[in-house]
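Let's take a walk through this one together. Have the viewer open and follow along as we go from the whole assembly down to single side chains.

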Protein chains: 2
Amino acid sequence: MQKLGLLGGGQLGKMLLQAAMDLDIHVKSLDPDPDAPCAKIAPEFVVGSFLDFDTVYQFGQDCDVITIEIENVNLEALKKLQAEGKKVFPQPEVLEIIQDKRIQKQFYQDNNLPTSDFILTDSIEDIKQNIDFLPAFNKLGKGGYDGRGVQKLSSEADISLAFTEPSLLEKAIDFDKEIAVIVARNEHGEIKTFPTVECVFHPVHNLVEYLFAPAEVSTQIHDEACKIAIETAAKLGIVGLLAVEMFLTKDGQILINEVAPRTHNSGHHTIRANHTSQFEQHLRAVLGLPLGDTTAHSKAAMVNLLGEDGFTGEAKYQGMEESLSISGVYPFLYGKKITKPFRKMGHITVVDEDLESLKAKVSKVKETLKVVA
Amino acid sequence: MQKLGLLGGGQLGKMLLQAAMDLDIHVKSLDPDPDAPCAKIAPEFVVGSFLDFDTVYQFGQDCDVITIEIENVNLEALKKLQAEGKKVFPQPEVLEIIQDKRIQKQFYQDNNLPTSDFILTDSIEDIKQNIDFLPAFNKLGKGGYDGRGVQKLSSEADISLAFTEPSLLEKAIDFDKEIAVIVARNEHGEIKTFPTVECVFHPVHNLVEYLFAPAEVSTQIHDEACKIAIETAAKLGIVGLLAVEMFLTKDGQILINEVAPRTHNSGHHTIRANHTSQFEQHLRAVLGLPLGDTTAHSKAAMVNLLGEDGFTGEAKYQGMEESLSISGVYPFLYGKKITKPFRKMGHITVVDEDLESLKAKVSKVKETLKVVA
């Protein structure tokens, strides 16, 4: 069996490891945190920075395939490993496009992929000159993650909140729903999508708060969303998973918001609700194996389990027993030692064939299960 | 979170570990083989014999709950740990009944649980005196496992095959099907069954060869099988999982064949086909948590992946890519380094809503995927 190098050892890595165990795939994980979720369960775990050239280059030496669970990694090292014959999936040249939201956005435009209007800005001055473009989202080109690096600018009064580094202004969309499609592509060009899901974001923290799968949209919208995801993956030529987040506008248009070249928060429910999970699919894709059946066998919802506001310290879980007593409720804990306000500490998948009952269980479990210190 | 000690580090342990990761349960596994399936992925792994008093007693010292993945363990050490206040689930007194097939059989009789007629035998002489009881299965009281310790005696001519140690003669049943129900019970007395499954045994090696879930039986038979499983678990007072293997006779009677006080080969498909897997259910049961929903969301079949006859040495897998290209086929490899003829090296779960297509895929994958050296 091939040896898979994984840059990152967080929760996405943990779930990937669990899936890798099914096929006895030897995974070696790299993370700067010796207490990262992958640390205790990875067949091999290396403490080090995935941003450091030497660390990443050395780490990849004895791997057959190298992949990621976070896109903010040292691309130069990956390029060198690739040039020396290692398989690096997703490819560094694809990561380069996606890592910088400015290049990513330009890519959509150049490839006729539907996305909202935007303006690239290099300074506050550039933003000031485009006041008439507001309301817009100001997005940092590089380094944003999990809700950081995105700032809404409603009017001129918000200018002080704008980023001073190279960023972009993206027209605020009057959308009906935010939807997402995860698509997988292997090196033989085989492509498969997961069913479209519907994301409800936290109004303040810009994190996925709830997710419903499948999305309550028409078959036509579902098909169109999948088609856009497939085209994006094919045009990027990505090998691996691509999570495509989209806006469904009030007049029925679908616009790409942004993409992630990896397993994604909008696919965690697939572990419990689809025949093949996004984690297994990512492994199949990067290892050159046939892709699995993505059909959903159950209706599902997913809620992120965030650290309670006001608590920092060693994580404790309140209401676990009560949550587990609700039929169809499956908490998943990332195993992070320390909780902080709004830190992603886990997620909860709820399965239920009745949509109303599903929604009621989601509300119930959200009130019940808390991460405190 | 509680620390769970696990006696054994084989494939059942591996799948239990994967499930434990969902709730970030810290598992420490004990196995004599430093290359056991659990070795590389257990948060803590101790090399040592689960049959040795001192090893087991020491191993249990820092655990909150101790459980098993193999029933052939040192009971004296478990009793001492229990007496000293540790939770040991399943309880050593239950293991004692089940470890010895003679006591187990007597238990069914004493508790009016349906089982085939039997005679306890201490020597070949005892067997010779009961020639008119043949055809029967001669089962070793202690130490049998995975098809060993069971011998069919069709007539007097087979006497030389009989066991010389304390054993029993069990009337050979003219059965229609072999069915099984896995039942879970937690310390609060909550009990839940998985749907009845149908097992097809290998004619020579006495191992589960195929399994279909759910069993093709009437609702009445299903309900009756579940009722027997629940009664058996309740009368044993077991905390944990109990796999109840039964015969469905040609005249519609259900008779208990034997039980296993743990996760079982007849429940591997639950990982892919039921909302809660047998492994998660075992964890919930022994940790005193509410039991999960056992509903099957998909029809499934399971085939054991045995080492090919004629091959001994470092395991290689033939036909993996072709197998994965069949929709709904999910191989699971145990990660055993060395293959031997008929050694359990993995299993394959197949899911398909159409029973004919399911059977066709099972045949196809059985021809395709091979473990050689």
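Before we start, one bit of vocabulary: when two residues are said to touch or to be in contact, they have heavy atoms within 4.5 Å of each other. Keep in mind, too, that this is a predicted model.

Start with the two chains. Turn chain A by 180°, with 0.0 Å of shift along the axis, and it lands on chain B with an RMSD of 0.0 Å. The two copies are thus related as by a two-fold rotation axis. If you want to find that axis from chain A, go to A:I41: its C-alpha is the nearest one in the chain, 2.4 Å away from the axis. Both copies also use the same surface to meet, as 95% of the contact residues of chain A recur in chain B.

Now zoom in on chain A and look for an open sheet of 4 strands. Reading across, the order is β6-β9-β7-β8, and the pairing is antiparallel. Which strands stand at the edges? They are β6 (118-121) and β8 (150-153) of chain A; each has a single partner strand, so one side of each is left without a neighbour in the sheet. From one strand to the next, the twist averages 25°. Helix α5 of chain A, residues 101-110, packs on this sheet and touches β6, β7 (136-140), β8 and β9 of chain A. The direction of α5 makes about 145° with that of β6(A).

The edge strand β6(A) is held to β9 (residues 167-171) of chain A by 4 bridges, with the two running antiparallel. Within that pair, A:L120 sits opposite A:L168 of β9(A). Hop over to the other copy and you'll find B:L120 in strand β6 (residues 118-121) of chain B. Buried or exposed, or something in between? B:L120 has a relative accessible area of 34%, so it counts as partly exposed. Setting aside neighbours within four places in sequence, B:L120 contacts B:R102, B:Q106, B:S167 and B:L168. One of these, B:R102, is 18 residues away along the chain, yet its C-alpha is 6.7 Å from that of B:L120.

Next, the annotated positions. An unreviewed UniProt entry marks a "binding site" that includes A:K101, A:K139, A:I173 and A:E258. A:I173 is in the loop between β9 and β10 (175-185) of chain A. Apart from residues up to four places away in sequence, A:I173 touches A:S116, A:F247, A:T249 and A:L255.

A:E258, for its part, belongs to strand β15 (residues 254-260) of chain A. With a relative accessible area of 19%, A:E258 is buried, because the cut-off for that label is under 20%. Its contacts beyond four places in sequence include A:K101, A:Q104, A:Y108 and A:K139. With A:K139 there is also a polar contact of 3.1 Å between the two side chains.

Last stop: A:T294, in the loop between α9 (278-286) and β16 (300-306) of chain A. At 10% relative accessibility, A:T294 is another residue that counts as buried. What does A:T294 contact, leaving aside its neighbours within four places in sequence? The list is A:T193, A:F194, A:P195, A:N274 and A:Q281. As for A:T193, its backbone oxygen lies 2.8 Å from a polar atom of the A:T294 side chain.

Key: Residues are numbered from 1 along each chain as its sequence is written. Chains are lettered from A and ligands numbered from 1 in the order in which they are written. This is a predicted model: local features need pLDDT of at least 70, side-chain atom pairs count only at pLDDT 80 or more; totals for chains, interfaces and linings use all residues. Side-chain values use heavy atoms; hydrogens and water are left out. Copies are superposed by least squares on the C-alpha atoms of residues with pLDDT of at least 70 in both. Two strands pair if DSSP finds at least two bridges between them. Axes are lines fitted to C-alpha atoms, for helices over the stretch in contact, and angles run from 0 to 180 degrees between N-to-C directions. UniProt positions are given in the numbering used here, feature names are shortened, and annotations may be inferred rather than shown by experiment. Buried means under 20% relative accessible area, exposed over 50%, partly exposed in between (1.4 Å probe, protein chains only). A polar contact is a pair of N or O atoms within 3.5 Å; within protein, one must be able to donate a hydrogen and the other to accept it, and residues adjacent in sequence count only if both atoms are side-chain atoms.
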